[in-house]
Amino acid sequence: MQLNTLEARSLSCVRGTRLLFEDISFQIRPGEIRQVRGTNGAGKTSLLRILCGLSLPERGEVLWDGVPIDQDRTRYHAQLAYLGHAAGLKLDLTARENLLFALSMQAVQEHVDIDVALERVGLDASANLVCRHLSAGQLRRVAIARLHLVSALVWILDEPFSAIDSQGVSDIETLLGTHLDAGGMVIFTSHQAIQVAQYPITTIELSS
């Protein structure tokens with residue numbers, strides 16, 4: 001098994017009495033990006049949560065470097081950055097405080113600068129505002145800013161472009177390209193078409 005490889009092996013997911021998807025298998029390696037596609041209710045978020053180890057599949061397994069992730073969660077999670085469908089922020093903290101809190105629990109890049117990260121997502125003027133006073137798009141930008149700071153190889157992103165304007169989408173596309181250039185991996189869901197530099201976006205199709 002090649003190092004830094006994430007593999008889904010014959011995954012199936014059931015919610016309640018409903019089979020969302022079955023027999024999903026794929027690998028993703030450094031410098032690759034995949035989009036999970038499917039209609040609403042097809043199980044896109046459920047698949048991402050299984051890939052993160054936050055939910056268990058009905059059948060199948062997820063492996064990091066050939067080892068099931070439940071055998072060494074700490075090692076795998078050290079390489080994982082997950083952006084859920086919700087921003088996952090503490091609304092009584094400022095944007096800067098939220099990033100400080102998030103980074104206290106995750107490995108970060110050298111020479112981390114939170115103010116630079118907030119500037120890159122267009123929030124330098126709002127860095128000290130309590131997050132409950134920010135718009136949905138601004139909250140999403142705070143969450144995206146974390147990606148500028150973490151050292152994780154695997155980015156799993158659920159609707160990262162939600163509530164983001166066209167300039168913000170372009171900025172995120174550039175960010176993803178930079179991550180892939182550095183040997184990172186991206187798995188994401190999105191209802192819109194995007195382009196990431198020279199990287200082909202392959203798809204994981206779910207059918208409801």
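**Helix 5 and the spaces around it**

Okay, let's start with helix 5: 10 of its 12 residues are buried, so this helix is largely enclosed by the rest of the structure. Keep in mind that we're looking at a predicted model here. The buried ones are Gly137, Leu139, Arg140, Arg141, Val142, Ala143, Ile144, Ala145, Arg146 and Leu147. And what sits over them? The cover includes strand 6 (80–83), helix 3, helix 4, strand 7 (154–158) and helix 6.

Let's pick helix 3 out of that list. It runs over residues 95–103, and its buried residues are Ala95, Asn98, Leu99, Ala102 and Leu103. Those five cover an arc of only 125° around the axis, which puts them on the same side of helix 3. As for what that side meets, the buried residues of helix 3 pack against helix 4 (114–120) and helix 5 (136–147).

Now, pockets. The largest pocket holds about 510 Å³ of space. It has 23 lining residues, and the closest to its centre are Tyr82, Ala102, Met105, Gln106 and Arg146. Strand 6, helix 3 and helix 5 are the elements that give two or more residues to this lining. Two of those central names you've heard already: Ala102 is one of the buried residues of helix 3, and Arg146 is one of the buried residues of helix 5. By class, the lining of this largest pocket splits into 16 nonpolar, five polar and two charged residues.

The second largest pocket has about 330 Å³ of space. Here 16 residues form the lining, and Gln109, Trp155, Leu175, Thr178 and His179 lie nearest the centre. Helix 6 gives the largest share of that lining, with five residues. The classes come out as seven nonpolar, seven polar and two charged.

On to the closed spaces. How many cavities of 30 Å³ or more turn up in a search of the whole structure? The search finds two. The largest cavity has a volume of about 70 Å³, and lining it are Arg120, Val121, Arg141, Ile144, His148, Ile164, Gly168, Asp171, Ile172 and Leu175. Helix 5 shows up again, since both helix 5 and helix 6 (166–181) supply at least two residues each. Helix 6 has the largest share, four residues. In terms of class, we have five nonpolar, two polar and three charged residues around this cavity. One name to spot on your screens is Leu175, which is in the lining of this cavity and also among the residues nearest the centre of the second largest pocket.

The second largest cavity has a volume of about 40 Å³. Its lining is Trp64, Val67, Pro68, Ile69, Asp72, Arg75 and Tyr76. Strand 5 (67–68) and helix 2 (73–77) supply at least two residues apiece. That lining has five nonpolar residues and two charged ones, with no polar residues.

Last stop, a single residue: Ser55. You'll find it in the loop between helix 1 (44–52) and strand 4 (59–64). Buried or exposed, what would you say for Ser55? Ser55 is buried, because its relative accessible area is 16%, and the cut-off for buried is under 20%. Leaving out residues up to four places away in sequence, Ser55 touches Arg15, Arg49 and Ile50. With Arg49 there's also a polar contact: the two side chains are joined at 3.3 Å.

That's the tour, thanks.

Note on methods:
Residues numbered from 1 in each chain as written. Predicted model: local features only at pLDDT ≥ 70, side-chain atom pairs only at ≥ 80, totals over all residues. Heavy atoms only, no water. Buried < 20%, exposed > 50% of the residue type's maximum accessible area, 1.4 Å probe, protein only. Arc of directions from axis to C-beta. Contact = heavy atoms within 4.5 Å. Polar contact = N/O pair within 3.5 Å; in protein donor to acceptor, adjacent residues only side chain to side chain. 1 Å grid on protein atoms, 1.4 Å probe; cavity = no way out; pocket = protein on both sides within 12 Å on 5 of 7 lines; lining within 4 Å. Points joined across faces, edges and corners; volume = space filled by probe spheres on them. Nonpolar A, V, L, I, M, F, W, Y, C, P; charged D, E, K, R; others polar.
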